[in-house]
Each structure stands twice: as structure tokens, then as C-alpha cells.
Amino acid sequence: MSKNILILPGDGIGPEIVTEAVKVLAALRDDFGLDIEMDEALVGGAAIDATGGPLPETTLEMAQEADAILLGAVGGYKWEELDISIRPEKGLLGLRAGLNLFANLRPAILYPQLADASTLKPEVVSGLDIMIVRELTGGIYFGQPRGVRELDSGEKQGFNTLVYAESEVDRISRVAFDIAMKRDKRVCSVDKANVLECTELWREVATRVGDDYPDVELSHMYVDNAAMQLVRAPKQFDVMVTTNMFGDILSDCAAMLTGSIGMLPSASLDENSKGMYEPIHGSAPDIAGQNKANPLATILSVSMMLRYSLDEPAMADRIEAAVNKVLDDGLRTQDIMSEGKTEVSCDAMGDAVVAAL
Ligand code: IPM
Ligand code: MG
């Protein structure tokens, strides 16, 4: 039976990069027998403009029915003045919560062809291969109560709540340990257990889950130290598992180790490996509509989709080999451009990947 993929281009460079990723999916369908159907829907600012809200009911329903979702990016200057409860980002958060996508996998891999693009010394980052497992539907992003209230003094006070139930920590820890079993068998759980009770419990539960995985070496690190270690000696890490907000921050930091955030895909999975796939970079409104964006993170997100949700590892390998080929051939979008290479546009990069498939 053919698999249904929902395409959500979103805002900014979203439509451009998604167009290139869809070309790749279409080529796999037409030339290599991938049995898929694709539908498209609105999310983020594009949905606000068309319907008044960032996550129309129909989009959420289509996402619930799809086998996998490919998202570009959401957000932009145009919607920054809106109330936080109806901004484009709420569309993304609503999809994560509405589909129960609690496990966010963010690999940070350095392509040897791009070693020069990193701001760190080549010996510090060469061979880098980290998997950040970020909890995605809990923690301070979703905790209640939240808001801005007025104190008796008349002063305003903002507040958010960091909460994790044991079951939430348990299930995300298991995802991290399962992934580690297929890699170097090391998990580093990142918390702030010296200050925050909530993450003291996090550490306790992660340790307990670790008992079920005797072959995996578990370590714990405070988030401030983890941030420092990521730029000091990043290759010490194999799998990192952490809270929603710490994961948000550390994954951007890890992305930059690889030279460009424009190269990194992500997967957000539910209990049954249904997933939403997106580049980890944002909507980059400053270069939107200029055919300059790097589509490789989105194309590599398709590869993660094939691996994690569609059970087509050979097709995923094919995409990754094609991306390596275009990099070997010296093709670079502006974000990863270096001397002696050939600068290409977003659509030319997509065409080159399709040709290399
Ligand atoms: C990310 C982004 C989102 C987040 C924003 C756009 C809501 O930064 O996916 O990392 O904070 O989770
Ligand atoms: Mg982020």
C-alpha cells in the first residue's frame, strides 16, 4: 500500500528548500519504485495569512492521517508582532504536541568535504558524529502554569514551568539508549540536577533506565558544562539525551560544529516511529525568495524519513550517497562556499542531487 507523505512548506526559505526535497522524493517514486503519495498543507505564517491561525484544523487532521510529514520552516519578520499564542512557531509546537512527537533526533555529522567550513580547528571536529536526542513535547515549552501576571505592586511578572513526569523521562531515555545500542554504546544525559529538582528527577530516571542497558555506558553532565565540552572536545560524545529547552540550545551549538546549520536534518518521532522531518535551521527570512538557501538539510531529512518511518534504508543510503557525490564534485551553496569550489543556487543543488541519485 502506498505511503502518504504530507508536505508542509511553511515560511521564508521553507517553500524553496521543500521544492528541492520533493524533487528527490518524486525521483525516488518515478525511477526507483518508492510507493508514495504526496499531499500539501499550510502551516505557520502561510497558514496565518490564509486562515487566521498557524495550525488549521485540516492541516492537523491531514498530519494525523499521514505516514510521515516533511516540514520546511516556519516564522518570519512579518508575524513577529502577533501575540505569542498565535505566532507561526505555535503551528510547529501544535504539530509536535498534537502528534505526540516526543523524540527529536538531531544528528550533528561533519562531512569531511566541509571540514574547512567549521569555525573550530579541523582536528577538533574531523570525524564528528553526535546524535542529540531532545525531549520534544514536555518540559518548560509546554508546562503549566505559564504567562505574564501583574503583581500587587503593579509590576508585571513572567513565568513558565519546568515539569517532567517519570514516564516522560523514561520513554525519551529509552529512545536514546536504543539508538546508542546501534552506535558507540555511550549515552550522556544532560541536566541541571545541581539546581533544578525537576532535572534531579530526570537524572534519577535516566539512571534507572540505564540499568536495563548494561552494554551502554551512561554518563551525566550539567548543561553548562555540556555546552562548554561541545566546543572544547565534541568528539567525546556519542548520544546526548536532554530536556526540550536544553536540547534546543545544545543542538544549535552542535550544528555549528559542522560548519553550517544548513546541512543538518532532524526527525521528530512518536511511540510508533511515525515522524515529522525537518531541517534544523529556521526560515531564514533574510535570504527567502532569492534561490540561495541550502536544500541539503531538507533533502537529508527525507533520508531520515526513509530510514525511520518508511523502512526504506536502501533509499536513504541512496540519498546520502548522492549528497556526498555533489559535495565531492565541489558544488556548494553560499553558506558552505569555500575557495576553489563552485557556488550554486538552491534549485541547482537540488537538481544535482537528483542527477546523482
Ligand atoms: C527548533 C526551533 C523551535 C524550537 C522554534 C521555532 C519553536 O528553534 O526546532 O529548534 O524552539 O523548538
Ligand atoms: Mg531551535
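**Exercise 1. Find where Ala284 is placed, and state whether it is buried or exposed or in between.**

Step 1. In this predicted model, Ala284 sits in the loop between β12 and α10 (296-308). Helices (H or I, at least four residues) and strands (E, at least two) are DSSP runs, numbered from the N terminus.

Step 2. Ala284 has a relative accessibility of 23%, so it counts as partly exposed. The classes are buried (under 20% relative accessible area), exposed (over 50%) and partly exposed (in between), with a 1.4 Å probe and protein chains only.

Step 3. The phi of Ala284 is near 40 degrees, a positive value in a residue other than glycine. Most residues other than glycine have a negative phi, and most peptide bonds are trans.

Step 4. Asn291 is found in the loop between β12 and α10. Its phi is positive, about 60 degrees, although Asn291 is not a glycine. With a relative accessible area of 31%, Asn291 is partly exposed.

Conventions: residues are numbered from 1 along each chain as its sequence is written, and chains are lettered from A and ligands numbered from 1 in the order in which they are written. Local features need pLDDT of at least 70, side-chain atom pairs count only at pLDDT 80 or more, totals for chains, interfaces and linings use all residues, and side-chain values use heavy atoms, with hydrogens and water left out.

**Exercise 2. Describe Thr298: which helix holds it, and which residues is it in contact with?**

Step 1. Thr298 belongs to helix α10.

Step 2. Its relative accessibility is 0%, so Thr298 counts as buried.

Step 3. Contact means heavy atoms within 4.5 Å. Leaving aside neighbours within four places in sequence, Thr298 is in contact with Ile17, Val18, Ala21, Leu70, Pro279 and His281.

**Exercise 3. Work out how strand β12 is enclosed and which strands it pairs with.**

Step 1. Strand β12 covers residues 275-279, and 5 of its 5 residues are buried, so the strand is largely enclosed by the rest of the structure.

Step 2. In a regular strand the side chains alternate between the two faces of the sheet. On one side of β12 are Gly275, Tyr277 and Pro279, on the other Met276 and Glu278, and all are buried.

Step 3. Two strands pair if DSSP finds at least two bridges between them. Strand β3 (residues 68-73) pairs with β12 in the parallel sense over 3 bridges, with Ala68 opposite Gly275.

Step 4. Strand β11 (residues 265-269) pairs with β12 in the antiparallel sense over 5 bridges, and here Ser268 stands opposite Met276.

Step 5. The hairpin of β11 and β12 has 5 residues between the strands, and Ser273 takes a positive phi near 65 degrees in it.

**Exercise 4. Characterise the loop before β6 and the hairpin that β6 forms with β7.**

Step 1. Pro145 is found in the loop between β5 and β6. A cis peptide bond joins Gln144 to Pro145, with omega about 0 degrees.

Step 2. Strands β6 (residues 147-150) and β7 (residues 156-159) run antiparallel and are joined by 4 bridges. Gly147 stands opposite Phe159.

Step 3. This hairpin has 5 residues between its strands, and Gly154 in the turn has a positive phi of about 95 degrees.

**Exercise 5. State which residues of helix α7 are buried and what they pack against.**

Step 1. Helix α7 (residues 197-210) has 14 residues and reaches 20 Å from its first C-alpha to its last, close to the 20 Å expected at 1.5 Å a residue. The expected span is 1.5 Å times one less than the number of residues.

Step 2. The buried residues of α7 are Cys198, Thr199, Trp202, Val205, Ala206, Val209 and Gly210. They cover an arc of only 140 degrees around the axis, which puts them on the same side of α7. The arc is that of the directions from the helix axis to the C-beta atoms.

Step 3. The elements they pack against include β5 (129-135), α6 (166-181) and β8 (186-191).

**Exercise 6. Relate the domains to the nonpolar cores.**

Step 1. The chain is divided into domain 1 (1-102 + 270-357) and domain 2 (105-267); such bounds come from an automatic or database domain assignment.

Step 2. The C-alpha centres of the two domains lie 23 Å apart, and 28 residues of domain 1 are in contact with 28 residues of domain 2.

Step 3. A nonpolar core is a set of buried Ala, Val, Leu, Ile, Met, Phe, Trp, Tyr and Cys residues joined through side-chain atoms within 4.5 Å. The largest has 85 residues; Leu105, Val133, Met263, Leu306 and Ile319 have the most contacts inside it. This core draws at least three residues from each domain.

Step 4. A second, separate core of 14 residues includes Val43, Leu71, Leu92 and Leu95.
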